Amino acid sequence: MLGKDVFYVKDYYIMLFTQTFIPTLREVPADAVIASHRLMFRSGMLRKLANGLFVYLPLGLRSFRKVEAIVREEMNAIGALEIKPTVVVPGELWKESGRWETMGDAMLRVKNRLGGDFVVSPTAEEAVTSLVRDALASYRQLPLTIYQINTKYRDEIRPRYGVMRGREFIMKDAYSYHTDEASLDETYHAMGAAYRRIFKRCGLSVIPVQADSGAMGGSDSEEFMVESAIGDNTLILCRDCDYAANVEKASCKPEAVLADSLSPTQASAVPALEPIHTPAVKTIEQLCAFLKTDAHKFIKTLIYRARNVALDLSGSPGVGGLAKRKSSPEAPLVYPEAFFAVAIRGDLEVNEVKLAAVLKASEVSLAADAEVVRLTAAPLGFAGPVGLKSLPLVADLTVTTMQDGITGALVADTHYVHVVYGRDFVPWLTADLRTVVSGDPCSLCGGELYEKKGNELGHIFKLGYKYTRSMQVSYLDENGQTHIPLMGTYGIGIDRTLASVIEEHHDDEGIIWPMTVAPYQVIIIPITYAGPVKALADTLAADLEQSRIEVLLDDRNERPGVKFKDADLMGIPYRVVVGEKNLARDTPVVEVKRRGEATFRLLEVAKAAAELNRLVYRELGC
Ligand code: ATP
Ligand code: MG
């Protein structure tokens, strides 16, 4: 017979409820608006230390470690090598990469006692790249993929939804270095495949989507999303094919925007540009009402301020400050601030992520009213592309199809009608800048696009030379020539992944863990932990332990109803109830129920351990 001490020593497999620390709650914390947040608190997995800062309690930590273990296994399986850097890193490295200036307030900066600048890692491209820079000599060392599963800190403006968006969290972040595109591509795809396996093993249905690949150099980028009503991301999906993209990246079939335009021959018939008096008409809506027409007839012109623009703007008007070379001699020229006029069809919205990517800018935002007035030399509401000389004009592709449009005339109370692209104005740059919306046609198959809300769990990204160049990483090829390696970056949030498992697997009573990440696999509930019931519960627990099944034995002196409610809340996959009456039968039985299923079955005591063993391992996929 097993005594308490034995359980205590072997607590990895058998845990007595009274010996652990699982403070379940009946009430819901006031700030917990989503299921995972509520259930992690109520089931005793998690407590809050401060806004965005959490403590995993023993039950929560068990599942957390399992997600981590799955991620680690899949990383190791593709040859990624684990390291353990510090979380606090020298600010110098961030100054080298240029991100000391661009990261903004999300990055927690601290000073040490000597006044030196340090950063509490929000991510680790700099730290790992500096490591590789010091160690890399020859092409023979490449490709190299390094990862860590480690603390990150981001001073999020609005931490919310529990660990979904915390300030401190654990990320698996990997970084790869390559001699050529083909090698980067191979690792990028191996990562993508590993991510798909990781999320599948965690019981998650993820939607991989094309993502913005940023301002500098990057080419491919994929995000792994889970559908979520509270998701921060908008996903654009096609009803007829596999097209899936983050709205930040999504494009649609250009034909859609041609519908209302005229053919070139018709265009030559468009009357000459004509100013019209539009007193006190400033918004597109007012203009539509005034001219009794639709928004898609207008060319909307917005003035944007862009920061850290790495595009060559020499010769273009009204740019702002002079270009500066950041960090290293090889780094591209960057304009700290520049202004642009952006023209788009009146019924559409500018996608600022696309705009930033086109301008190779770290961020873009609408210019302040006073700047607009200064730069356009016109009152607010009358900006337009015709005669605009003070700013580089960037036009969305839709504008290039407009051959009888209406725009602001850069003069108070005046608009132009019969505006023809190419005849009346020529932009400095044209690009796809529109925000795709539900109903637009798919760029691949023409099918109907629709939107979903999603949360990002992971991200893989080809960075190109962005960090290796600015941080001056190099290696020698077989001929002794110096080269800069290509780089990729790959992240998964462990906390967010765990919370998302609960979002996908729960009911009104509590969590319903997939076996792979359940904190315990079996919970044994003796109706009263005494006499033959206790003896059988102990024996069964010991038998399961023999086959390395993780058991929580509810030895509390509580009413069965309380124990059942807690078991449902904690979501442990198999619940075994041991009761006196069932043991007194001719063939003694125990009651076994899979969490999430409505009915239980009776298992003969003599066969119970073997059957549970089979059930658990079947679900583990072993
Ligand atoms: P988000 O857009 O949600 O802020 P991100 O794009 O900034 O995320 P990455 O830099 O790509 O995030 O980080 C990789 C992963 O780290 C994300 O996919 C996510 O799972 C996780 N993550 C990022 N920020 C947080 C956070 N504040 N709390 C928990 N996990 C986070
Ligand atoms: Mg991301």
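Me: How many helices and strands are there in the chain?
Reply: This is a predicted model, so let's start with its overall make-up. Counting up the secondary structure in the chain gives 17 helices and 33 strands.

Me: What does the C-alpha trace of the chain span along its principal axes?
Reply: We're looking at a chain of 622 residues. Along the principal axes, its C-alpha trace spans about 100 × 65 × 45 Å.

Me: What percentage of the residues in the chain is buried?
Reply: To count as buried, a residue needs a relative accessible area under 20%. On the outside, the chain exposes about 27,300 Å², with carbon and sulfur atoms supplying 53% of that. As for the buried residues, their share of the 622 is 52%.

Me: How far apart are the centres of the positive and negative side chains?
Reply: The chain carries 71 positive side chains and 80 negative ones. Take the centre of each set, and the two lie apart by 3 Å.

Me: Which residues are the protein donors of the magnesium ion (ligand 2)?
Reply: The donor atoms lie 2.5 to 2.7 Å from the ion. One of the residues gives two OE entries and another gives ND1. Glu 456 has a relative accessible area of 23%, so it falls in the partly exposed class. The donor residues are Glu 456 and His 459.

Me: Is helix α2 (residues 35-42) largely enclosed or not, and why?
Reply: Go through the helix and you find Ala 35, Ser 36, His 37, Leu 39, Met 40, Phe 41 and Arg 42 buried. The cover over them includes β2 (46-50), β3 (53-56), α13, β27, β28 and α15 (560-570). Because seven of its eight residues are buried, α2 is largely enclosed by the rest of the structure.

Me: Which residue with a positive phi follows α2?
Reply: The phi here is near 80°. The residue that follows the helix with that value is Gly 44.

Me: Is Ser 500 buried or exposed?
Reply: Ser 500 sits in helix α13 (residues 494-504). Leaving out residues up to four places away in sequence, Ser 500 touches Met 164, Leu 204, Val 226 and Leu 457. Its relative accessibility is 2%, and the limit for this class is under 20%, so Ser 500 counts as buried.

Me: And Asp 508, is that one buried or exposed?
Reply: Asp 508 is in the loop between β27 (506-507) and β28 (510-511). Its C-alpha is 8.9 Å from that of Leu 569, which is 61 residues away along the chain. With a relative accessible area of 75%, against a cut-off of over 50%, Asp 508 is exposed.

Me: How many aromatic pairs does a search of the whole structure find, and what sort of pair do Phe 199 and Phe 224 form?
Reply: The search turns up six aromatic pairs. In the one made by Phe 199 and Phe 224, the ring centres are 6.0 Å apart and the planes make an angle of 35°. That angle is neither under 30 degrees nor over 60, so the pair is tilted.

Me: Which elements do Phe 199 and Phe 224 lie in?
Reply: The pair links distant parts of the chain, with the two positions 25 residues apart. Phe 199 is buried at 0% relative accessible area, and Phe 224 is buried at 0% too. Their elements are helix α7 (residues 181-201) for Phe 199 and strand β11 (residues 221-227) for Phe 224.

Me: Which residue joins Phe 199 and Phe 224 in a cluster?
Reply: Ring pairs link three residues into this cluster. Besides Phe 199 and Phe 224, the cluster holds Tyr 195.

Me: What is phi of Leu 410 near?
Reply: Leu 410 lies in the loop between β20 (405-408) and β21 (414-419), and at 14% relative accessibility Leu 410 counts as buried. Among its contacts beyond four places in sequence are Thr 376, Phe 382 and Leu 388. Its phi is positive in a residue other than glycine, near 65°.

Me: Is Arg 548 buried or exposed?
Reply: Arg 548 has a positive phi of about 60° although it is not a glycine. You'll find Arg 548 in the loop between α14 (531-546) and β30 (551-553). At 54% relative accessibility, Arg 548 counts as exposed.

Me: Which residues does a cis peptide bond join?
Reply: The omega angle of this bond is about 0°. One partner, Pro 143, lies in the loop between α6 (125-135) and β8 (144-153). The bond joins Leu 142 and Pro 143.

Key:
Residues numbered from 1 in each chain as written. Chains lettered and ligands numbered in written order. Predicted model: local features only at pLDDT ≥ 70, side-chain atom pairs only at ≥ 80, totals over all residues. Heavy atoms only, no water. Donors = N, O, S within 2.8 Å, 3.2 Å for Na, K, Ca; no water. Buried < 20%, exposed > 50% of the residue type's maximum accessible area, 1.4 Å probe, protein only. Helix = DSSP H or I, 4+ residues; strand = E, 2+ residues; numbered from the N terminus. Areas by Shrake-Rupley, 256 points an atom, 1.4 Å probe, with all protein chains shown as cover. Lys, Arg positive; Asp, Glu negative; His and termini not counted. Charge placed at Lys NZ, Arg CZ, Asp CG, Glu CD. Contact = heavy atoms within 4.5 Å. Phe/Tyr/Trp six-rings, centres within 6.5 Å; stacked < 30°, edge-to-face > 60°.
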